[in-house]
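Hi everyone, thanks for making time. I'd like to walk you through a structure you haven't met yet, so have a look at it first.

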Amino acid sequence: MSQVSLQHFVSMEQLSSTDVLTLIKRAQAFKAGAPVPKLSQPVYCANLFFENSTRTHTSFEMAERKLGLTVIPFDTAHSSVSKGETLYDTALTLGAIGVDLTVIRHSQNDYYQDLLDLKPEQHLEMGIINAGDGSGQHPSQSMLDLMTIYHDFGYFRDLKVLIVGDLLNSRVARSNMQMLKKLGAKLYFAGPNYWFDAQEFGQYGQKVEVDQVIDQVDVVMLLRVQHERHEGLEQVQNFDEHEYNYLYGMNQKRYDKLKKTAIILHPGPINRGVEWDGYLVEAAKSRFVTQMENGVFMRMAMLEAVLRGRKLGGLA
């Protein structure tokens, strides 16, 4: 079985269609009980989450432990970043004490560029895995979403995918739309106009009303309404949850219109009663729990790709 080898894993844009399918099959193999690669040398990793996270943080740590990596605890709230230390200097410190890999979530878009585009005087020998940067990229969420879709359909070409909600602030939407289009899916977007940038999203798909296409699509990808990113935005100061649910949410009426084979995704955390009526979160067409299960195995595949790319633990 072919393997993906990467120096870093920071963006879906760095992957080919073949890379994606190879990673999906590797993650599926892990899920089916395939043995993990044997490390001949210890590999040390640290998880730096500068934004709150439940699923991604714990999923990465579970994946690391399943692969046999040694996880070095790192508490961002009590780190020297609170004293003004740059992210580069934090990474430099971790590298100096022997950390081989860092998984980082940060509120700044493209934060990882400062860690990858080194100046001649800088030396940082460390693999970077992006666990989400601002409203930019979320490669591990995208990869587990693709794994979940592939399990149900076995292909991507000509699948109709509806992405609904807070598009402008969503790294999930950006990562998924880029790769899904590359894989041949047909994309539709729905949500309030103030969260839709026609110049950015229009090149990937068309904007529709949810009820125009709800009975035709194969995948409905609900996005969390990201209230924490709306500060100062006049359009959302009077956000009405009930109105949003009526116009865009997954309620019983829309659920009943879905095709028999359609599936529903959500990256979590869910605002129940807003993006999704709570009693439908675990309904038959929902893949929310499956996404979380798949996340561990996909992150194992992603971490392994960087281990191989950097020849860590004796892998190549």
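I'll go through a sheet, then some salt bridges, then a pocket, and finish with two single residues. One thing before I start: what you're looking at is a predicted model.

Okay, the sheet. How many strands form it, and in which order? There are five, and they run β7-β6-β5-β8-β9 in an open sheet with parallel pairing. In general, strands of a sheet pair through backbone hydrogen bonds, and that can be parallel or antiparallel. At the edges here you'll find β7, residues 205-207, and β9, residues 263-265, each with a partner on one side only. If you look along the sheet, neighbouring strands are turned by 20° against each other on average, ignoring direction.

Let's zoom in on one pair. Strand β5, residues 160-164, runs parallel to β8, residues 219-222, and four bridges join the two. If you want a spot to click on, try Ile-163, which stands opposite Met-221 in β8. And there's a helix lying against this sheet: α5, residues 139-153, touches β8 and β9, and its direction makes about 175° with that of β9.

Now for the charged side chains. Opposite charges on side chains can pair when the charged atoms come close. Searching the whole structure turns up nine salt bridges, and I've picked a few of them.

Start with Arg-26 and Glu-304, whose side chains meet at 2.8 Å, N to O. Why does this pair tie together parts that are 278 residues apart in sequence? Because Arg-26 sits in helix α1, residues 17-31, while Glu-304 sits in helix α11, residues 288-309. Both residues of the pair, Arg-26 and Glu-304, are buried.

Glu-304 has another partner as well: Arg-308 forms a salt bridge with Glu-304, with the closest N and O atoms 3.0 Å apart. This one stays inside helix α11, since Arg-308 and Glu-304 are four residues apart there, about one turn of the helix. Arg-308 is buried, like Glu-304. Put the pieces together and you get a network of salt bridges linking Arg-26, Glu-304 and Arg-308.

One more bridge: Arg-171 with Glu-51, at 3.1 Å, N to O. Arg-171 is in helix α6, residues 171-182, and Glu-51 is in the loop between β1 and α2, so to speak a link between distant parts of the chain, 120 residues apart. Are these two buried or exposed? Buried, both Arg-171 and Glu-51.

Keep Arg-171 in mind, as we meet it again in the pocket. The largest pocket has a volume of about 410 Å³. Its lining has 20 residues, and those nearest the centre are Arg-105, Arg-171, Arg-224, Gly-268 and Pro-269. Helices α2 and α6 each supply at least two residues of that lining.

Last, two single residues. Asp-218 is in the loop between α8 and β8. With a relative accessible area of 8%, Asp-218 falls under the 20% cut-off, so it counts as buried. Beyond its sequence neighbours up to four places away, Asp-218 touches several residues, including Phe-153, Lys-160 and Ile-263.

The other is Ser-140, back in helix α5. What is its relative accessibility? It's 0%, so Ser-140 counts as buried too. Leaving aside neighbours within four places in sequence, Ser-140 is in contact with Thr-56, Phe-60, Arg-299 and Met-302.

That's my tour, thanks for listening.

Technical notes
Residues are numbered from 1 along each chain as its sequence is written. This is a predicted model: local features need pLDDT of at least 70, side-chain atom pairs count only at pLDDT 80 or more; totals for chains, interfaces and linings use all residues. Side-chain values use heavy atoms; hydrogens and water are left out. Two strands pair if DSSP finds at least two bridges between them. Axes are lines fitted to C-alpha atoms, for helices over the stretch in contact, and angles run from 0 to 180 degrees between N-to-C directions. Contact means heavy atoms within 4.5 Å. A salt bridge is a side-chain nitrogen of Lys or Arg within 4 Å of a carboxyl oxygen of Asp or Glu. Buried means under 20% relative accessible area, exposed over 50%, partly exposed in between (1.4 Å probe, protein chains only). On a 1 Å grid over the protein atoms alone, a cavity is a set of points where a 1.4 Å probe fits but cannot get out, and a pocket is an open set with protein on both sides within 12 Å along at least five of seven lines; lining residues have an atom within 4 Å of a point. Grid points are joined across faces, edges and corners, and a volume is the space filled by probe spheres set on the points.
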